[in-house]
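Me: I am new to this structure. Please take one part of it, go through that part closely, and then place a few other parts beside it.

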Amino acid sequence: MSTYVYGIAASSHPALPRDLGGVGDPARPVRVLTEGELEAIVSDAPEGLRPKRNDLLAHQHVLSEAGASGAVLPMRFGSVAPDDAAVTGVLAERAEHYLERLRALDGRVEYNVKASHHEEAVLHRVMAESPDIRALAETNRQAGGGSYEQRLQLGEMVAAAVQRQEAEDAVDLRHALEPAAEAVSAGPESTGWLANVSFLVDHGAAEIFLAAVEDVRKSHPHLDVRVNGPLPPYSFVEPGPSEPAETRPRA
């Protein structure tokens, strides 16, 4: 039976709630594997595990319960090892790293911030800030829309200006929020977002961080800024969760 890994904690971590259920239907009982100064929070892994809502919520619930009483290194959904021995082997092999990460992440949470442009607002902004774009747009208007080449030129100029604005806004966002965070991790680029950044924030500084987000929204009204958190600090557990364990598809 393969082993599903939720997180890693110090062996001194308080006991988990009794009868805590994890992923699977029925829910697999959560248990603890101890190796030296570390423990892994695990359960048996159900066959054919996929990122379905119930299992995603179960994974998150286990981490929330465990994290409520002490530092836990959260594993991504779908972290599966061949068996218990493989898990304890990784704990032994990477003990120094995991202990350092537990100390570094104790009392910290993650906030993921994504930003995109309000399309109409950013178009107004680049038009207002570019005399060349305004002049060509007016020339085309007076010419009844302009030629195909003129319309194409205008479109290219606007697209380039929006791209420059995206890059500028991404830098502004990060610089505005970094002072309220202890670490920053850039997420993967994805269509529709000009920024996808995770911030490691001390519990006691959460209100300061969220206030900084609101300041960005006020100073950059052409931005749609979305915050997800507080989360377990997934983006700050490195390297990945399961070496040499097999990793199934992640959420």
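Reply: In this predicted model, strand E1 and strand E4, residues 72-74, pair in the antiparallel sense over three bridges. Within that pairing, Ala9 of E1 stands opposite Val72 of E4. E1 itself covers residues 3-10, and E4 is one of several strands that bridges join to E1.

Strand E3, residues 38-44, is another partner. Seven bridges join E1 to E3, and the two strands run antiparallel. One pair to look for here is Val5, whose bridge partner in E3 is Val42.

Strand E5 takes in residues 80-81 and is joined to E1 by two bridges, again with the strands running antiparallel. On this side the pair to find is Tyr4 and Val80, with Val80 as the bridge partner in E5.

How many of the eight residues of E1 are buried? Seven of them are, each with under 20% relative accessible area, so E1 is largely enclosed by the rest of the structure. When tracing the strand by eye, keep one general point in mind: in a regular strand the side chains alternate between the two faces of the sheet.

A residue in another strand can be set beside this. Ala183 lies in strand E7, residues 183-186. Because its relative accessibility is 24%, Ala183 counts as partly exposed. Leaving aside residues up to four places away in sequence, Ala183 touches Ser198, Phe199, Leu200 and Phe236. Ala183 and His97 are 86 residues apart in sequence, and their C-alpha atoms are 17 Å apart in space.

The last part to look at is a pair of helices. Helix H5 spans residues 131-142 and helix H6 spans residues 148-177. Their axes come within 10 Å and cross at roughly 155°. An angle over 145 degrees counts as roughly antiparallel, and H5 and H6 are therefore roughly antiparallel to each other. The crossing of H5 past H6 is left-handed. On the H5 side the contact is made by Asp132, Ile133, Leu136, Ala137, Thr139 and Asn140. H6 contributes Gln150, Arg151, Gln153, Leu154, Met157, Val158 and Ala161. Sorted by class, the contact of H5 with H6 holds seven nonpolar, four polar and two charged residues.

To return to the strand at the start: E1 has bridges to E3, to E4 and to E5, and seven of its eight residues are buried.

How values were computed. Residues are numbered from 1 along each chain as its sequence is written. This is a predicted model: local features need pLDDT of at least 70, side-chain atom pairs count only at pLDDT 80 or more; totals for chains, interfaces and linings use all residues. Side-chain values use heavy atoms; hydrogens and water are left out. Axes are lines fitted to C-alpha atoms, for helices over the stretch in contact, and angles run from 0 to 180 degrees between N-to-C directions. Helices (H or I, at least four residues) and strands (E, at least two) are DSSP runs, numbered from the N terminus. Angles under 35 degrees count as roughly parallel, over 145 as roughly antiparallel, 65 to 115 as roughly perpendicular and the rest as oblique. A crossing is left-handed if the near helix is turned anticlockwise from the far one by less than a right angle, and right-handed if clockwise. Contact means heavy atoms within 4.5 Å. Ala, Val, Leu, Ile, Met, Phe, Trp, Tyr, Cys and Pro count as nonpolar, Asp, Glu, Lys and Arg as charged, and the others, Gly among them, as polar. Buried means under 20% relative accessible area, exposed over 50%, partly exposed in between (1.4 Å probe, protein chains only). Two strands pair if DSSP finds at least two bridges between them.
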